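These are my notebook entries on a structure that is new to me. I set down what I looked up, in the order in which I looked.

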Amino acid sequence: MRGRRNFPKGRNMAVSAVLLAAAAAVLPCEAGAGSAWAASGKAAGPGHPAVSESGRFAGTGSGLEDGQSVPLGGSPAGGYESTPVGLHGALRVQGSHLVDAKGENYQLYGMSTHGLSWFPQYVNKEAFQTLRDDWNTNCVRLALYTDEYNGYCGGGNQEEQKKLVDQGVTYAAELGMYAIVDWHVLNDRDPNVHKAEALAFFDEMAKRWKDHDNVIYEICNEPNSGATWDGIKSYANEVIPVIREHDSDAVIIVGTPTWSQDIHQALDSPLEFDNVMYALHFYAGTHTDWLRNRCEECVTKGLPVFISEFGMCDASGSGGNNFDQASRWMELIRQYDLSYCCWNLANKNETSSVIKPDCQKTSGWTESDLSESGQWIRERFRAES
């Protein structure tokens, strides 16, 4: 792609200074679930899956038993060129599909962090490598809360949070994984509330990552509570050009009204930019046939849909899991080759967290370290081919 490469250039690994910055101490999380509607290719070799001809994962191929942790450390036998980004390069939107540098359909799938200011410990290279090599994923979503307690616009240390996001992008780049930078609008409801901060953030971050092929920008997580599509479009029409000034062809995900459920409004009045996708979020215990039907209609009519957040429980992030409904969503995802990220990589005491509350490990998790949600989604990721 124009002026972009498969690995950072021009920085001479200057980001190493950033990597020395320790993540802030874990802060108490009282903001509730991350998404609350309360109303590829991988290297062959020891411990790594084989690479299929299509560049997608060909199975675990590691000889590990299901309960074992993945061996960490060391580079893939095939080097960086055998990683997901090494194989597929810069992504773009073509019709309703995400495609790779060769123009072939490509599906992203992976985990979303919880709020970075509350659970910074999961932004580490070993965690991401576990997700890549054991969970069989190719992307990670970095959730930067905006308005909540200690969020980026809610009293948190902005410089420390930017460093943490930069660490996440850098670790993902080194591992050849894609990284979604998520401006996590939730309590602020309308992304225009903190538009000035968003413009400054994305201007700085896009300038920093313009030569990275692995970065995707999600500019507003879940507009809600009366935020309109017209208002979201107005916001996007200001934020997207700021990113494009530095990175002319990065994929950008735009949230939709009603906690990113009203994607049909984007179908009726899409943005006039290339390489834009529209977010759909679901929680299987709450969002059933009616939202699946809406998703299918939008995709079949050509809207580029990215399921950038979902859970197997209800929309509060808690309650019981509904794996029957979650399986139906997975069938739809598989049918239309949709990209998807699961909420959330943390040990918070809620159903949607994939790590058990009493587990303090920040990488190399075994099956026994995972919650019911974590065990289920890890199995689904490992079945991707």
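**Entry 1: Helix α7**

I began with Thr-258, which is found in helix α7, residues 257-260. I noted that the model is a predicted one. I read the phi angle of Thr-258 and found a positive value of about 60°, although this residue is not a glycine. I then asked how far Thr-258 is covered: is it buried or partly exposed? Its relative accessibility is 27%, and because buried means under 20% and exposed over 50%, Thr-258 counts as partly exposed.

I turned next to Trp-259, which also lies in helix α7. Trp-259 has a positive phi of about 55°, and it is not a glycine either. Its relative accessibility is 15%, so Trp-259 counts as buried.

**Entry 2: Strand β4 and its partners**

I looked up strand β4, which covers residues 139-145. How many of its residues are buried? I found 7 of 7. I then sorted the side chains by direction. Cys-139, Arg-141, Ala-143 and Tyr-145 point one way from β4, while Val-140, Leu-142 and Leu-144 point the other way. The residues on both sides are buried, Arg-141 included.

Which strands pair with β4? One is β3, residues 109-113, which pairs with β4 in the parallel sense over 3 bridges. In this pairing I located Ser-112 opposite Arg-141 of β4. The other strand I looked up is β5, residues 178-184, which runs parallel to β4 and is joined to it by 7 bridges. Here Ala-143 stands opposite Asp-182 of β5.

I also followed the chain between these strands. From β3 the path goes through helix α3, residues 125-133, to β4, and the three make a right-handed β-α-β unit. A right-handed unit is likewise made by β4, helix α4 (residues 158-175) and β5. I note that β4 thus takes part in both units.

**Entry 3: Asn-221**

I looked for Asn-221 and found it in a loop between β6, residues 215-218, and α6, residues 229-246. Is this loop residue buried or exposed? Asn-221 is buried, since its relative accessible area is 0% and the cut-off for buried is under 20%. I also checked its distance to Glu-309, which is 88 residues away along the chain. The C-alpha atoms of Asn-221 and Glu-309 are separated by 8.8 Å.

**Entry 4: A cis peptide bond**

I recorded a cis peptide bond from Trp-343 to Asn-344, with omega near 10°. Asn-344 is found in strand β10, which spans residues 339-345.

**Entry 5: The largest cavity**

I then looked for enclosed space. Rolling a probe the size of a water molecule over the atoms shows where empty space is left. The largest cavity holds about 60 Å³ of space. Which residues line the largest cavity? I listed Ser-96, His-97, Leu-98, Asn-105, Tyr-106, Met-277, Val-305, Tyr-336, Asp-337, Leu-338 and Ser-339. By class, this lining has 6 nonpolar, 4 polar and 1 charged residues.

**Entry 6: The protein as a whole**

I closed with the totals. The protein has 385 residues, and buried residues make up 59% of them. Its secondary structure comes to 11 helices and 10 strands. The accessible surface is about 13500 Å², and 46% of this surface belongs to carbon and sulfur atoms.

Conventions: Residues are numbered from 1 along each chain as its sequence is written. This is a predicted model: local features need pLDDT of at least 70, side-chain atom pairs count only at pLDDT 80 or more; totals for chains, interfaces and linings use all residues. Side-chain values use heavy atoms; hydrogens and water are left out. Helices (H or I, at least four residues) and strands (E, at least two) are DSSP runs, numbered from the N terminus. Buried means under 20% relative accessible area, exposed over 50%, partly exposed in between (1.4 Å probe, protein chains only). Two strands pair if DSSP finds at least two bridges between them. A crossover is right-handed if, with the strands pointing away from the viewer, the path from the first strand over the helix to the second runs clockwise. Accessible areas come from the Shrake-Rupley method with a 1.4 Å probe; for residues, only the protein chains shown count as cover. On a 1 Å grid over the protein atoms alone, a cavity is a set of points where a 1.4 Å probe fits but cannot get out, and a pocket is an open set with protein on both sides within 12 Å along at least five of seven lines; lining residues have an atom within 4 Å of a point. Grid points are joined across faces, edges and corners, and a volume is the space filled by probe spheres set on the points. Ala, Val, Leu, Ile, Met, Phe, Trp, Tyr, Cys and Pro count as nonpolar, Asp, Glu, Lys and Arg as charged, and the others, Gly among them, as polar.
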